[in-house]
Each structure stands twice: as C-alpha cells, then as structure tokens.
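Q: Please take a close look at one part of this model, the sheet and whatever packs against it. I would like one connected description.

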Amino acid sequence: MGPLPPALLALLLAVPAAFAQSGFDFAHAEPQLYQELNPYYADEFLKHVDDQHANALQDADREARLVERATALKDMEDILVSYVGPAEMNEAFRARLIDDGSDPDGPKFLGFGAHPAALLAWRAKYFDYVPEGRVQMALWEWSTLLPEQQAFLAAPPRNLGESSWEATPFPTRLADLKLWGKDIYERMMKASPKTKAELDAMQNDRFRIWSVMDGEQKRLSGQQWLKASAAVEGLAKLDALPKSVRESSDPQVQELLARARSGASPQETLAALSTLFDKAGVRDDTVRTLAPDRPDQQVSAVPPGVLGSMLATGLTTEIADVPAGKTVADFYKTHPLTIAVRDIGAPLAQFEPATGAIVFNAQYVTDWIKSQGMGAQAVIADPARFHELVMILAPNFVHESTHKMQKAYADENGIFTWNGQHQEIEAKESQSEYMLEKTAKDPSYKQFLLREREHSHLVQQDLAQTASFARNPRDFRAVVMSDYYAGLPSLEAIESTTLTFLDSSIGALRGELKRRSALSPAALAALEASGKDKDEDFKTMREWQAYLTTVKTPVIQKLLADHVRTRDKAIKTYELTRAREDAAHDRTESDAAAVLRGDAPAKADPVPSPGAPR
Amino acid sequence: MSLTRAWLALLAVLACAAAPRPAEYVLREGRFAVRPPAGWNAARDAREDERQKVYGVRLEGPRSADGVLAMISLAYYTPGNTLFKGGADEFLKRNAGADDRFVAPAGETTSPLKKSTLGGLPAQSFIRNSREYIPPDRMDSKEVAIVEEVEVVRAKEGFYVLEFKASAEQAAKLKRAFAAARASVRFL
C-alpha cells in the first residue's frame, strides 16, 4: 500500500482547482496567466468582471493585457476540449499559432506557435483527458506524419529528422508540408477520371494531402471531386443509351460521344454528356446542374448594370412593407445603394466596405436561372419570374444591408468598424425578423416559401435560421456564435486585442522619449539636426523601435499623440458599438415577439411586384 | 474487508479521481446549480443576461466534425424577461406548438410535450430534430442534422429551461454526459 496514498493525493491535486475564493488582482493573476498559463484560472478571471474593473482603476493597460492573455488561454482551452477531429483542431491552430518566435519584441502570444512541444506539455498538465494523439496529429508531430512526408522532410535541403522537426515552429511546419502537398494538389485538380479506379485514385490523393490543404483547397478539391464523380457516373450510362444513339450516324452525336470519353477535364466531359443526354431524352439532374453554364444563362448575358439596377429597385420595394425591411429601405433613402452580381466564391452575397456595394453571387443567380430552364434575358423580361428572384434574394439583402448600416453608423460617428460576431448576430437577427414579418403579412411570400423549401438550398437555410430565431433569440445568438461564426472574435476580444497592440506601440514611443531625456544636450541636438523626418513601416516591433531612435523628436511626439487618439477612438468604438448592438437586439427581439404573439397582424400594403403595373 | 476488496475500492477511487471533475457551477445570482460533464466548459455572458433579464449558463462540450458545438444550457427566465413576456406558456407555444401563419423548415419535427421531473420539480419536455447549415448563407454550406432536448420548469415566478443540443451524429454519444448533468441540477 506504500506508494498508493501519495499517488492518490497527487491525482486529487491534479483535479482543477476552484478559484472562487482566490484573488484576481495583479499579484495573483499575473503569475497564473503569464507563467502558469493556467486555463482554469483564466476562465474564472474572465467571469469576475468586478475584479477586472478594480484592476483597471489601478492600471488600465496592465489589466487590458491580462484580459487579452486570459481570453487567449480560454480560446486555446476551447479548441483542445471542443475539437474532436484532428483536422478541425489543426485548422484552428493554423489561425492562431502564427508566431514563430522570430520577433522577440512583437505582440506576446502564448508561445505555442514557436514551441509546439509547449502546447503538448500544456495539454498534459491541464487537459490530460484530451487524447494526446489528437493534439499530436493537429500539430503535425513527426510520429504522425506519413512515411512519404517524413522522407520529403528528411531529404536535402531540409535534412530534418524527428528531433529537429520537434524544434521547428508551427508556421514553418505548415510551410514545409504545404510544399510537399503542392504537386499532388495540382495533379489532382488537373485530373479527368473516366473510370471508377481513376476516380478512386483521385480521392486517394485528396485524402493523402487532406491534413495539409487549407480550407479553400479543401473546398475547391471537393467541388472538383464532385464533378469528376458525376462525369464518371454519367460515362457509365453511355453504354445503356439506346443503340440508335450509340450507333447514330449523326456526326454531332458521334462527336459528343468522343468528347465525353476524352474530355480533358470533368467539366468538358460533363458539357458533352449534358448535351448528349438532352438529345437522347435521358434525364440526369446531376450532370445537368454540374455541367458548365450555357452562355445565355450566365449573368454576363445581361448588359452590365441592368441586373443590379433592377435588383436594387425590386429589393427595396419588396422589403419595405414590414418593419425589419422598412428600416433598411429607409436607410437607402439617405444612403446610395449599388448592387452588383459577380463571382464572389462561395458566399451567396456580401457587403463590400471599400465600394459600399452589395454583391450577389453570380454563380448562384446563374444556377437559379438554369433551374428555371430559361436564359438570363428571358428572366429579367418576365416580371413574375423576376419577382421570384427578388423574393429569394431578399433575406440576404437585408442581412448584407445591415452590415452596410453598421459601417455607415461607424463612419458617421467617427469610430472603427470592427468585424466580429456582434455584427453577424445583428445581421442574422434582422434577416430572420424580416422573414417572420414578411411571411405573416404576405400570403404570396408564404406560398413561395412553401414551394421553394422542397428544392432550394437557400430557402431551406433561411427557414431553418428563422425558425431557430423565432423559437428563442437567446439560443439563436448562441448558435450564431458557436456554430455559424465560431471563427470570428467577439467585440470584447477585438477591443482587448486592439488595445494590447496600441499599448505596445505607445510603450515603445514613451520608452524612446524617456531614453532621449537622458541624452546629453549635444547628443540630442545632433539627433534633432540629422534625424529623419518621418515614420516608416516595419515588419517587427524591434526594427521599428530601432528606427525610432533615428527620427527627430517631433515625429515621435506626433506618433504618440496619434496612437493615444487611436486608443481613445478604440474605447469609444467599443462603447458606441455595444450600445448600438444592444438597442438593435432590443428592437428586433421585441418586434419578432409581437409578430409571433400575433400582436401586430399587419395587413400587407398593396405593394406591386417589381415590373408589374403601378 | 479482504485485502483484494480494499485494493479494488481504492482503485475505484483512483479511477474517479483520474478524470477531472469540474466543480458544481452555481449561478452567481443563485437560482440553480449544475455540475458540467467532465471536460466541458461553463460560459456565460452576464451583460447579455442582464439585458434580457434571463440568467443562465452554457456548458460547452465537444464540437462535431460538421462544426456543431455540443451544448447544455440552463437558464432562469425572470417574470420580466424581455424574450417571453407570456412566460412559460409563450415559450412552449413558440417552441413546441405549430403556427400555420409561418413556414416550418423542411424535415423539422418536434415531439409531443411530455411530463417529467427536473431537480425535484415537475417539468414539461420535448425533443426536436432540426437542421443547421454550416457555414451559413453559402453555396457550399453543409446540412447538419441537430437533436435538441428541451425541458421547462415553472417556478413560483418565472421559469427555468434546460436544453441539450448536439449534432445527431454526436447526440447519442453524449447522452450519458447530458443525463449526468441533468441529474445534477439543483434549484436553489
């Protein structure tokens, strides 16, 4: 029994301590957050807002640094505890372990980017129930790499082995492994499988490099694989085509058959198959949807600006008869509205702060036009059909317009526009409130949704989000933060990080002024006579600090004044943004509750459809 | 007690001690206490609670491969809360009732209300199967099946809501963790 009681004691002591009675002043907090990197303490620290205020009264900058450190620890804890898949954990690390330790004077991170082994030790100390293997895979530890990856790293010029790889910072590991996967990725994206075996080989390549692809590469390779699968499945149907088609003497049919079998890309094969199937009367929705668009179905078939202008008129009219939409429509009475339709990747729509435009995804609009079996010109010439396009885009228009209103508020009040979860929560609530109000008020809109929910991916998304909001805005907010926009920082995190960066720069400027105060009059005069007259951009804090020693004092004084002003602006940004968000949530939640209770069964104003007689 | 049984008893204690067992979470405003499952994180936004006059805690568990964070939440809705002025009745109507003025998402189902007991008090519960689309508002968003279990307890004033939400893929695996947390709920 000898060794067991001490072992039991050790295990009991390893159980996370309760900090309810511990202090959260600087003397207690700094060792816990800086030396111990104690995540349990960080959790408790962030909950004790009163203690944070007390610290801030003593030294606001020091307290801001503590909050930033505690937030970073909590964030890392969330990743370790929440992410069950090594690939997802790895993606989270890529966004956070960006410090390779090469700039000792740069902003202070947790140090895990420069020393991945420290993160493994942190896991062992605080989260030993999180499987070590999962974190090792997410960090690309040597033992988890494929033999071919190890061979690549071991070859010249890297000549890496297990121990040198252990000392390699995370950002360098990422760069090295991306280089290994580059050729395989390019080969995979150029492949045009024609058989199941070739398709399997393509998929195998995708799995081999899965752990080193970034999110965009995963998305693009997924799309390519989907097209390749459809092409292979479509080719398998060729033998089942009627003999009259397979052995047709029509040269066009023979050319399509040949093109399908020899297509240099899945897209080429699909284009040939789609036309061939249409000719043969074979219905294959997958091939039709994934085949390249016909030129007349593309948005570019409509004169530039015409579609955007029609959408601007149609959308503002469509939304104006319910409170959530009227807020947006009223905003556009005093602010310009530009709508564009062009390629923006995967998002359905986005607000572009630089131009102020609301941009809809051209591929989405084209796919919708294809689904109607029409050309783009025919859709805009048909008022009823165009109204359907307007109805399907309206919730996203309200969402993106909310972002435009957020930006306008910031500009008009002289504060920053910070992109974070707070913006998305407000935009999602406005979008959902709009759908609730519109459905309650407009029977034709309700009928449209009932029809579209069976096959429109966008309507399904909109309805699911709106139902979640209607059930409980509190839960909806949690879903927006935890599932929809988990990668975005909160308003509080942005404020804290901004202040930390500014304080770091202000500290450097004040330090330089202090250094100068100790210089001899002659040395100072020489510096003022020959010093540089302007600031410059540098990659690291150390380089900038060195440069500061060479500029004239008025330059430093001006920089200091600018930084202090920016700091004040950051504080004002938080206060005004938070107040604005609170007011927006109060209004949205209250308006939605009224509609759901049936307090406001507003009758639809007779707003004619866009394009219809007025 | 034989030597073997003493060893076994000690090993059982050790097994319990080996898994970190978070302390019971007691809401600062009183009202309730709950013990989070091991490894789950307790979070709250006290400022937002004050705005809504709803006071609660979110217990955040593992994230599914699809990106859904498993969550248990327990909250006390005061009589003056800003979200459900009609109290528990309005909450249940909006959550478990059908309203044909609106369009329900395709494939969403809610079970009938069932009587239950939570923390020694009578409760009403239901299960909902719904969907999330992650990431949202994108052409490549993935449809993820969600399971939610919701339980409502009427207090003398106001009401409590206990909720469990996870992706369908994870829900079965987390059921025991939720059951343990549910069993630990104490109303103060």
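A: What follows describes the sheet of chain A, then its helices, then the nonpolar cores.

The model is predicted. Chain A holds 30 helices and 3 strands. The 3 strands make up an open sheet with mixed pairing, in the order 1-3-2. Its edges are strand 1 (339-342) and strand 2 (349-352) of chain A, each of which pairs on one side only. On average, neighbouring strands of the sheet are turned by 25° against each other, direction ignored.

Strand 2 and strand 3 (residues 357-361) of chain A run antiparallel and are joined by 4 bridges. A:Phe351 has A:Ile358, in strand 3 of chain A, as its bridge partner.

Two helices can be placed against these strands. Helix 20 (residues 362-371) of chain A lies across strand 1 and strand 3, at about 50° to strand 3. Helix 22 of chain A packs on the sheet and touches strand 2 and strand 3, and its direction makes about 25° with that of strand 2.

Helix 22 also leads to the largest nonpolar core, which has 99 residues; B:Tyr160 and B:Val161 have the most contacts inside this core. Helix 22 (residues 383-412) of chain A gives the largest share of the core, 9 residues. Apart from this core lies another, of 38 residues, including A:Leu66, A:Ala72, A:Phe112 and A:Leu139. In soluble globular proteins, nonpolar side chains tend to be buried together.

As for B:Val161, its contacts beyond four places in sequence are B:Ala75, B:Tyr77, B:Phe91, B:Val150 and B:Val152.

Across chain A, buried residues make up 37% of the 614 residues.

Notes
Residues numbered from 1 in each chain as written. Chains lettered and ligands numbered in written order. Predicted model: local features only at pLDDT ≥ 70, side-chain atom pairs only at ≥ 80, totals over all residues. Buried ≥ 20, exposed ≤ 12 C-beta atoms within 10 Å, placed from the backbone. Core = buried A, V, L, I, M, F, W, Y, C linked by C-beta atoms within 7 Å. Contact = placed C-beta atoms within 7 Å. Pairing = 2+ DSSP bridges. Axes fitted to C-alpha atoms, helices over the stretch in contact; angles between N-to-C directions.
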